[in-house]
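Open the model in your viewer and keep the selection panel at hand. The stops below go from the annotated domain to one helix, then to the ligand and a loop.

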Amino acid sequence: MPVITQKNATSDDIRLLYETVRIAHEAKEAGNHPFGALLADKDGNILIEQGNDHNEGGPAMHAETALMLKAGKKYSPEFLSTCSLYTSAEPCVMCSGAMYWTNVRRLVFGITESQLLSLTGSDDQNPTFDLPAVSVLSHGQKDLEVVGPVDDEALVRAIIEDHIGFWNN
Ligand SMILES: Nc1ccnc(=O)[nH]1
């Protein structure tokens with residue numbers, strides 16, 4: 001069985017989650033869904049940024065999956081095992097899978113998928129799952145660290161802001 005460690009966010013994690021809020025906002029301004037993700041190295045340097053890209057890539061082009069596809073092409077699995085995936089909203093089953101296969105071993109997310117579901121409802125464009133990433137990842141074979149949801153009111157408000165009034169539910 002894999003070891004899934006759940007930890008609290010560090011101040012660096014919070015800083016990088018605010019960056020995902022900015023990326024999500026930029027995605028929304030570009031006509032995509034308000035989701036943002038980034039890959040950071042173990043020192044907290046941003047290596048790749050990626051917003052939701054469904055306009056170009058279709059409905060499966062979630063920010064996290066798009067990010068993992070780029071990361072897996074650019075870096076070795078050994079290096080990626082030392083990196084973290086940061087995302088404004090908890091990755092869905094597809095994106096958790098993309099993280100797993102790309103060999104990124106640390107996940108940091110802001111709000112849960114369940115919280116996201118309460119924002120999107122059954123919107124045609126984003127009929128959100130209600131499945132914790134840990135539930136997916138705990139069925140794999142890799143040891144991973146998961147941080148989230150983050151208990152920081154200001155950050156949660158910042159994440160949610162771009163979703164309010166966005167979804168038809
Ligand atoms: N967590 C996410 C849900 C839906 N779309 C995304 O790009 N990301």
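Start by selecting residues 11–124, the range that an unreviewed UniProt entry annotates as "domain: CMP/dCMP-type deaminase". The model on screen is predicted. Over residues 11–124 the chain is 50% helix and 20% strand, and the C-alpha atoms at the two ends of this range are 36 Å apart.

**Helix α1**

Next, select residues 11–29, which form helix α1. Put a distance between its end C-alpha atoms: the value is 28 Å. This agrees with expectation, because 19 residues at 1.5 Å a residue should span 27 Å.

Now show the side chains of Asp13, Ile14, Leu16, Leu17, Thr20, Val21, Ile23, Ala24 and Ala27, which are buried residues of α1. Which side of α1 do they take up? Their arc around the axis is only 165°, so they are on the same side of the helix. An α-helix has 3.6 residues a turn, so residues three or four places apart point the same way.

Turn to the face of α1 away from the buried side, where the exposed residues Ser11 and Glu29 sit. Then turn back and show what covers the buried residues: the strands β2 (36–40), β3 (46–51), β4 (84–89), β5 (106–111) and β6 (144–147) are included, as is helix α8 (153–161). Following α1 is Gly31, with a positive phi near 90°.

**The ligand**

Select the ligand and the residues around it: Phe35, Asn52, His62, Ala63, Glu64, Ala89, Glu90 and Asn126. Three atom pairs are worth labelling:

- Asn52: a polar atom of its side chain lies 3.0 Å from a ligand oxygen atom.
- Ala63: a polar backbone atom is 2.8 Å from an oxygen atom of the ligand.
- Glu64: an N or O atom of the side chain is 2.8 Å from a nitrogen atom of the ligand.

**Ser81**

The last selection is Ser81, in the loop between α4 (77–80) and β4. Is Ser81 buried or partly exposed? Its relative accessible area is 29%, so Ser81 counts as partly exposed.

Which residues does Ser81 touch, leaving aside its neighbours within four places in sequence? The contacts are with Asn103 and Arg105. Asn103 is 22 residues from Ser81 in sequence, yet their C-alpha atoms are 5.5 Å apart. Finally, label the pair made by a polar side-chain atom of Ser81 and the backbone oxygen of Glu78, at 2.6 Å.

Technical notes
Residues are numbered from 1 along each chain as its sequence is written. This is a predicted model: local features need pLDDT of at least 70, side-chain atom pairs count only at pLDDT 80 or more; totals for chains, interfaces and linings use all residues. Side-chain values use heavy atoms; hydrogens and water are left out. UniProt positions are given in the numbering used here, feature names are shortened, and annotations may be inferred rather than shown by experiment. Helices (H or I, at least four residues) and strands (E, at least two) are DSSP runs, numbered from the N terminus. The expected span of a helix is 1.5 Å times one less than its number of residues. Buried means under 20% relative accessible area, exposed over 50%, partly exposed in between (1.4 Å probe, protein chains only). The arc is that of the directions from the helix axis to the C-beta atoms. Contact means heavy atoms within 4.5 Å. A residue is near a molecule or strand if one of its heavy atoms lies within 4 Å of it. A polar contact is a pair of N or O atoms within 3.5 Å; within protein, one must be able to donate a hydrogen and the other to accept it, and residues adjacent in sequence count only if both atoms are side-chain atoms.
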